[in-house]
Structure formats: C-alpha cells, structure tokens
Amino acid sequence: MKLYDGGKILIGLVIFVAFATFPFYYNIGKVNAKPEPKLDTPEILKMPEQDRKCVESKAFMRTEHMQLLNNWRDSVVRDGNRQYISSATGKHYNMSLQNECMHCHANKKKFCDECHNYMAVKPYCWDCHIAPKEEEKS
Amino acid sequence: MSMDRRQFLKIAGISSILGLGATAASATHNIWVKGLSPDEVAKNPEALNAQHWAMVVDMSQFKTDEDFQKTISACHSIHNVPDFKNPDGSVDLKDEIKWIWKAKYENAFPDQDNPYMEEKLKEMPFLVLCNHCENPACVRVCPTQATFKRKNDGIVMMDMHRCIGCRFCMAACPYGARSFNYRDPRPFIKTENKEYPTRTKGVVEKCTFCTERLAVGKLPACVEAAPKGGMFFGDLADKNSEVRKIIETRYTIRRKPELGTGPSVYYLIGGTEHA
C-alpha cells in the first residue's frame, strides 16, 4: 500500500489530534472544584441542632426540589392549598419559595447558584421572585 | 435467523404491550405526573373561604381624587405593579400596567349610552378592575391554561409560569383588565414588596382578588384602603353575606353584562336619593 503525500497527511493528523485533545491536556491537574452549597445562614444556625431539617429529607430535596416546587406552585395557585404537610417531619410549611424556602436559605449565591452554575442550569425563578438581600463579598 | 410474517407480528405486538406497560408503571412513580396528594396539603386555618367571591363598589363614597389614588396605590404597591415612565416623564399607554384604575362612566359602561344623561354622571370616574367573571372569555382563549377559573372560589387566576405572552386574553377581555409587560418591570417598581413576586417581561398580568391575602385571612388590599363603606367583599353564594344583601336590596349595575360574561364586581352609583 502506498500513502500518497504521506508526510503532509501525517503532519495534518498530528496537528488535528493535538487540537482535538488540547482541552484535556490544558485542564490536566487542575481540580474541577465541586460545588459546596452552604447551609450556614444565621436563620439556620439559630435553630437547635435537631430542628435543622428541611421539609423533606436531604436526598429527596437534592434530586427532587424542582418537582416539589412545581407541585407547590400548582397547589397554591390552582387549588388555594398553601400548606405543605411534610412526610418527613409531619410539620406544616407555607408553600412559598420567596417567603418560606428563602427564609432559612437566605444565601442564594452559596445555596442555589453554587450547584446551578456547576451544572450549567439556569432556572428563571429570580426573574420574578425576589431573592433575599445578600451582602456583596468581592 | 429467518422469520415468517406471523412470527414477526407476534413479537412486535408483545414488545409494544410490554413497552406501554413499562411506561405506565414508571409514570405512576413519577412525582411530575402525580402532583401532591390530598394528605400532603392543607388550607391555612385562618384563610377566608367562599364559593363565589364578589365585590360591591359604592361610587358615592369616592369623593376626591385622593380616595381613588389611595385605593389604587394600596393595591399597586403590595403587588409590585410597575409605574412605567419614560425619561421625560411621559407614559406610553400601551406599557401601562393596571390592576385597578379609574375610568370614566361612559367608558366603563358604554352600553348605558344616553345623550341626555346627568352631566355629573357622564364625567364621573369609576373604579374598575378585573371582574372575575363567571364565564370568563380570557380563560376560554388561553392556549396554555395559564389563566383559569378556580372551581372552589370563582377567582380568575393566573399562573405566571405558564403564560407565554400571546395576549389572546387581552384581546378577549371586554373590560381591558389585562396588561402586558412589554418591558422589564423591575426597574420601575418604586419600593419592592419582598413578600410578593414581581413579573417578568413577556407575561400578562391582572388583579387576582388578592388570593394571597385571602389565604391569610385578610380582605383585598383595595377594600381595606377604600374610604369607609366604599367597597364590600364577600361570598355571593352565601345568602347572609354583606355583598349579597346589598345586591338584593339596592340597585346595582355591572359592566357589560349583556356579553354574558357574568362579572362579579357590582357598582352602586348612589348620588341622588331617587337612585
């Protein structure tokens, strides 16, 4: 078998492979910082240790919070049922992102944005809902 | 492997049945499809309840412009309604967002046309808002069910998350009760009420009969801020309610009832003794 213009093709291939794999080499050794949402707002710290529980278990909230919020929305807006009875604690909660969730999790930047930015998801909650005021740390 | 036609159809049939079954089984476990079950939710114990919320506005109690402005700004400040003004102070009427506003009698009640009517009445301002119709045109035209009529209390509500901004409802509403956010409203809200959301560019909005206040046992903001005896709010389905008694004993008018929408806002014109 004869490779016509073998030299040029090989050089081209080498350049192509170098380009295509460049991002991997470039980022080698750089640790991709994992998101670490913070739960240390003054509101949460004020609570006694055993009461520091969200409306559902941590695992459920982590994977299903968006579905939960959607269901809360439907219940409040469509049926007028504004209280959520937690299956984890049996307590009643006011179904409101702005007034209930963000009351404890007043640190939107370190709580919401931390993971959402990492996952590159852009939920449009804050186009309408007003986020709690946070001090700018620059 | 070779397969005859009969065998092929058998396998295809069985696998499609299995596939459908699996989808149905996984769907029942899916919280998206399921929603919240009745034992996961409750009403606020202090909530005000009714089968058919209705309002009576006694225009004779609104004497000065201040009476109107107080009532309107009570609503608009609580609900983060923007006040769009151009840099030179002018306002483009199309941009205006109104939940409750002032309209001339001849505009609010064009069907009551009468060239020789009392001059005072003709120019009289009326307080107008969404009529929370029994048969709302806006709900019929909404392609996404963002606007809907609540079965339990008759309020015509909106789910802003679903509104796609098509403005069919604005064309359908005979009362002009709906406003579209042509611009981002946030910079035009004087003082934000942190307990109520704002809206975003591209959605329609209107009065909600203060569902968020009814849910905590408060009357609508306008009713509270109106001059004494100016506005009444209650359950039209309840024979003993104040609104029902007023409507049964005094002469009230509604806006464009001939359209068959069944508005739930009633007006007492008052004024002269003969009325």
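Two strands count as paired here if DSSP finds at least two bridges between them. Keep that in mind for the tour, and remember that this is a predicted model.

**Stop 1: the edge of a sheet**

Select T252(B) and L268(B): L268(B), in strand 11 of chain B, is the bridge partner of T252(B). Strand 10 and strand 11 of chain B run antiparallel here, with two bridges between them. Now stay on L268(B) and add D58(B), whose bridge partner in strand 11 of chain B is also L268(B). That pair belongs to strand 2 and strand 11 of chain B, which line up in the parallel sense over four bridges.

Next, colour all of strand 11 (residues 265-268) of chain B. V265(B) and Y267(B) point one way, Y266(B) and L268(B) point the other way, and all of them are buried. This fits a general pattern: side chains in a regular strand alternate between the two faces of the sheet.

**Stop 2: the rest of the sheet**

Show strand 2 and strand 9 of chain B together; five bridges hold this pairing, in the antiparallel sense. For a landmark, pick A54(B), which sits opposite G234(B) in strand 9 of chain B.

Zoom out, and the four strands make an open sheet with mixed pairing, in the order 9-2-11-10 (chain B). Which strands stand at the edges? They are strand 9 (231-235) and strand 10 (252-253) of chain B; each has a single partner strand, so one side of each is left without a neighbour in the sheet.

**Stop 3: the core**

Select M55(B), I100(B), L129(B), C222(B) and M231(B), the residues with the most contacts inside the largest nonpolar core, which has 59 residues. Strand 2 (residues 53-58) of chain B gives the most to this core, with five residues. For another core, separate from this one, jump to chain A: it has seven residues, including W72(A), V76(A), V77(A) and M95(A).

Back in chain B, centre on I100(B). Leaving out residues up to four places away in sequence, I100(B) touches T71(B), I72(B), C75(B), L127(B), L129(B), C207(B) and C222(B).

**Stop 4: helix 3 of chain B**

Follow T71(B), I72(B) and C75(B) into helix 3 of chain B, where they are buried along with F68(B), H76(B) and I78(B). The buried residues of this helix pack against strand 3 (100-104), strand 4 (125-129) and helix 9 (221-225) of chain B. Helix 3 (residues 65-78) of chain B has 14 residues and reaches 20 Å from first C-alpha to last, close to the 20 Å expected at 1.5 Å a residue. Just past the helix, check the backbone of N80(B): its phi is positive, near 55°.

**Stop 5: where the chains meet**

Show both chains; the contact takes 22 residues from chain A and 27 residues from chain B. On the chain A side, helix 4 of chain A supplies the largest share, eight residues. By class, that side has five nonpolar, 11 polar and six charged residues.

Then pick Y84(A) and V41(B), bridge partners across the two chains. Strand 1 of chain A pairs with strand 1 (residues 41-42) of chain B in the antiparallel sense, over two bridges.

**Last stop: the whole of chain B**

Pull back to see 10 helices and 11 strands in chain B. The C-alpha trace of chain B spans about 95 × 50 × 40 Å along its principal axes. Its radius of gyration is 24 Å, while a compact globule of 275 residues would be near 19 Å. Colour by burial to finish: buried residues make up 33% of the 275 residues in chain B.

Notes
Residues numbered from 1 in each chain as written. Chains lettered and ligands numbered in written order. Predicted model: local features only at pLDDT ≥ 70, side-chain atom pairs only at ≥ 80, totals over all residues. Expected span 1.5 Å × (residues − 1). Buried ≥ 20, exposed ≤ 12 C-beta atoms within 10 Å, placed from the backbone. Contact = placed C-beta atoms within 7 Å. Core = buried A, V, L, I, M, F, W, Y, C linked by C-beta atoms within 7 Å. Rg over C-alpha atoms; globule rule 2.2 N^0.38 Å. Nonpolar A, V, L, I, M, F, W, Y, C, P; charged D, E, K, R; others polar.
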